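These are my notebook entries on a structure that I looked through element by element. I set down what I looked up and what I found.

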Amino acid sequence: MIGALLSSPALASIGGAIEFIFAPQDSSVTGGRQVGGFDQVVELTLSQLELTLLALGLSLLVALPLGLYLGHRGTGELFAVVLGNVGRAIPELALIAFMAAAIGVGVLNLTIALAVLGVPPILANTFVGIHQVDRATVDAARGMGMTEFEILRKVEIPLAVPTLFAGVRGATIAIVATATIAPLAGVESLGDFILGENVYGSNGVLAGAIVVALLALTLEFAFAGLQRLLTSPGLKLRSA
Amino acid sequence: MRIKTTRLWGALLLALALTLGVAACGSDDDDGGATTESDGGGGAIVSNPDNGKVSLTIGSKNFPEQEILGEIYAQALAAAGYKVKSDLNLGSETVARKAVKTGEISGYPEYASTALTSFFGKEPEEVPADAQGAWEEANAEFEKEGLTAFEPTPFASANAVGTTTETAEKYDLETVSDLEGVSEELSLYGSPECPQRIDCKAGLEELYGLKFKEFKSVDIGLRYTVLENGQADLSILFTTDPQLSAEKDKFVILEDDKEVFPAGNVIFVTEKSVAEEAGPDYEETILQVQEGLDLAVMQELDARVELEKQTPKEAAASYLKSAGYTG
């Protein structure tokens, strides 16, 4: 059983992909140049990470204040939800091509295109997280003489941290996975391996996918850790 | 009186229909005569009921010209009586060749030059310049792996370094060699695979000795957009691009004086066993409908899809009809 598994073509190609990650390989279309290998993997991973963080930053800049404001006011639920759903339906490649004519291709184009993916989950989760805070708690805070801003900062946001982070983590996964299309708009990323099967071979395609998955998991764990740090002890106790 | 009028109209319509029919037949013969010499056929494709037992899946790579070719072959084979499905937009040549080998598709159109450089490890300068020679060499290689390639189309396509007429005038560029000394100031845009490919940027660097200010990769569909919006000084284009004839005063290609970009005629690649099973009509139909595909016709079809936004299916159908292959 295990022997059959090990000799299966799927596992054999995983072996090839891992080799591709660590050592440059021959390619039939490059006139003798070798492709892949650790240096190129690291370079493309960093480029993909940079683009992901830029797009995530822009999503947060747009969605977080808006979500906090609407959630605190308790209005605009329809807006937040509709925008959230419509945002998911925008075809990225069409958006990139559309912006290419206006602002050209490159980091700016991709940052905006990828932020479009990040805004909906952050906005929806921020809105829901803030809005769902027990109104009695908010009234009590108000009764204690807190200003509206203090209520948001000291009561609502701490209580909304888990929901809010679920949005940020969802946005991160969507952005880091989609950043593989960056080579179609003038920026290097791990997508170079995935889009360039003629150059990198099927080992390269699989290697690209594996590294993207690892990068996504790393970011997911990092944000989970950050979430634990930021969640108030009281809330952890309650949910435990 | 009423009956008579109806009859009169009927007769008129019949006469009109007959005239059109005769005219259509006439044009068939003309087109056939003009475009097909070798097999002497050229007329409409005849449906053979025996072919109904054979199912074929026609594939193509993922850009308009390929999808048009895939549609032309698929629709022609359907007209010949085969049960035809199409699976276009397969991705790169590596994916398409794998799909033929695994039987996922029956066959797809490939450029002979691409087959030789991408599959069979030939350097661009080793690719025979004549269509027949390139096909024979590619076919011999395909035969070794159980595949076969049908004879080439009249038109050939190649990569080319393109630029705007303004840039060409500014730097006095006519050939790729003219880039020597100025390429360091110029940006080059091409597909994500381009930097590594010997028939793309790698060849420009190694065989022409050029260095560029920067290279940026873009989707093939944006190759003119980046020139138009002024981002790219140079962009990798295709010699069959309709933009080159439709917008002659805007874009030019630089002559490939050291032959880094081998021109490739299209050969239809299929599995030998599929070809045997499908019978002689398979190859005959494909060779018949591609007879009319010279450079002007292919550019016109590319223009209908890329500039006029017809679907590849519509463009292929109108080609088959106007050339008289289908009714």
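**Entry 1: a pair of strands.** I began with strand β7 (residues 187-190) of chain B and found that it pairs with β8(B) in the parallel sense, over four bridges. I note at once that this is a predicted model. I then looked up which residues face each other across the pair. B:Leu188 stands opposite B:Phe215 in β8(B), and B:Ser187 stands opposite B:Glu214 in β8(B). I followed the chain between the two strands: it leaves β7(B), passes through helix α7 (residues 201-207) of chain B and arrives at β8(B). This β-α-β crossover is right-handed. As background I recorded that strands of a sheet pair through backbone hydrogen bonds, either parallel or antiparallel.

**Entry 2: the whole sheet.** I next asked in what order the strands of this open sheet stand. The order is β8-β7-β9-β6-β10 (chain B), five strands with mixed pairing. Why is one side of β8 (214-217) and of β10 (251-254) of chain B left without a neighbour in the sheet? Both strands stand at the edges and each has a single partner strand, so one side of each remains without a neighbour. I also noted the twist, which averages 35° from one strand to the next.

**Entry 3: two domains in chain B.** I looked up how chain B is divided. Domain 1 covers 49-156 + 264-321, and domain 2 covers 159-254. Taken over C-alpha atoms, the centres of the two domains of chain B are separated by 27 Å. Across the boundary, 13 residues of domain 1 of chain B are in contact with nine residues of domain 2 of chain B. I asked which helix gives the largest share of the domain 1 side. Helix α12 (residues 295-306) of chain B does, with six residues. By class, that side of domain 1 has seven nonpolar, two polar and four charged residues.

**Entry 4: one buried residue.** I chose B:Ile68, whose place is in helix α2 (residues 64-79) of chain B. Is B:Ile68 buried or exposed? B:Ile68 has 28 C-beta neighbours inside 10 Å, and a residue is buried if it has 20 or more, so B:Ile68 counts as buried. I then listed what B:Ile68 touches, leaving out residues up to four places away in sequence: B:Leu301, B:Val305, B:Pro312, B:Ala315 and B:Ala316. I also looked up the pair B:Ile68 and B:Glu314. These residues are 246 residues apart in sequence, while their C-alpha atoms are 8.8 Å apart in space.

**Entry 5: the buried residues of a helix.** I turned to helix α11 (residues 280-290) of chain B and looked for its buried residues. They include B:Asp281, B:Tyr282, B:Thr285 and B:Ile286, as well as B:Gln288, B:Val289 and B:Gln290. I then asked what the buried residues of α11(B) pack against. Their partners are α2, β11 (264-271), α10 (272-278) and α13 (312-322) of chain B.

**Entry 6: two positive phi angles.** I looked up residues other than glycine with a positive phi. B:Asn89 has a phi near 65°, and its place is in the loop between β2 (83-87) and α3 (93-101) of chain B. B:Asn89 counts as partly exposed, because it has 14 C-beta neighbours inside 10 Å. B:Asp172 is not a glycine either, and its phi is about 60°. B:Asp172 lies in the loop between α6 (165-171) and β7 of chain B. With 8 other C-beta atoms within 10 Å, B:Asp172 is exposed.

**Entry 7: chain A and its side towards chain B.** I counted the elements of chain A and found eleven helices and zero strands. The C-alpha atoms of chain A fill a box of roughly 75 × 50 × 30 Å along the principal axes. Of the 240 residues in chain A, 42% are buried. Among contacts in chain A between residues at least 6 apart in sequence, 74% join residues at least 24 apart.

I closed with the contact between the chains, where 22 residues of chain A meet 28 residues of chain B. On the chain A side, α5 (92-103), α9 (191-195) and α10 (197-230) each supply at least two residues. By class, this side has eleven nonpolar, eight polar and three charged residues.

Key: Residues are numbered from 1 along each chain as its sequence is written. Chains are lettered from A and ligands numbered from 1 in the order in which they are written. This is a predicted model: local features need pLDDT of at least 70, side-chain atom pairs count only at pLDDT 80 or more; totals for chains, interfaces and linings use all residues. Two residues are in contact if their C-beta atoms, placed from the backbone, lie within 7 Å. Ala, Val, Leu, Ile, Met, Phe, Trp, Tyr, Cys and Pro count as nonpolar, Asp, Glu, Lys and Arg as charged, and the others, Gly among them, as polar. Domain bounds come from an automatic or database domain assignment. Two strands pair if DSSP finds at least two bridges between them. Axes are lines fitted to C-alpha atoms, for helices over the stretch in contact, and angles run from 0 to 180 degrees between N-to-C directions. A crossover is right-handed if, with the strands pointing away from the viewer, the path from the first strand over the helix to the second runs clockwise. A residue is buried if 20 or more other C-beta atoms lie within 10 Å of its own, exposed if 12 or fewer, and partly exposed in between; C-beta atoms are placed from the backbone.
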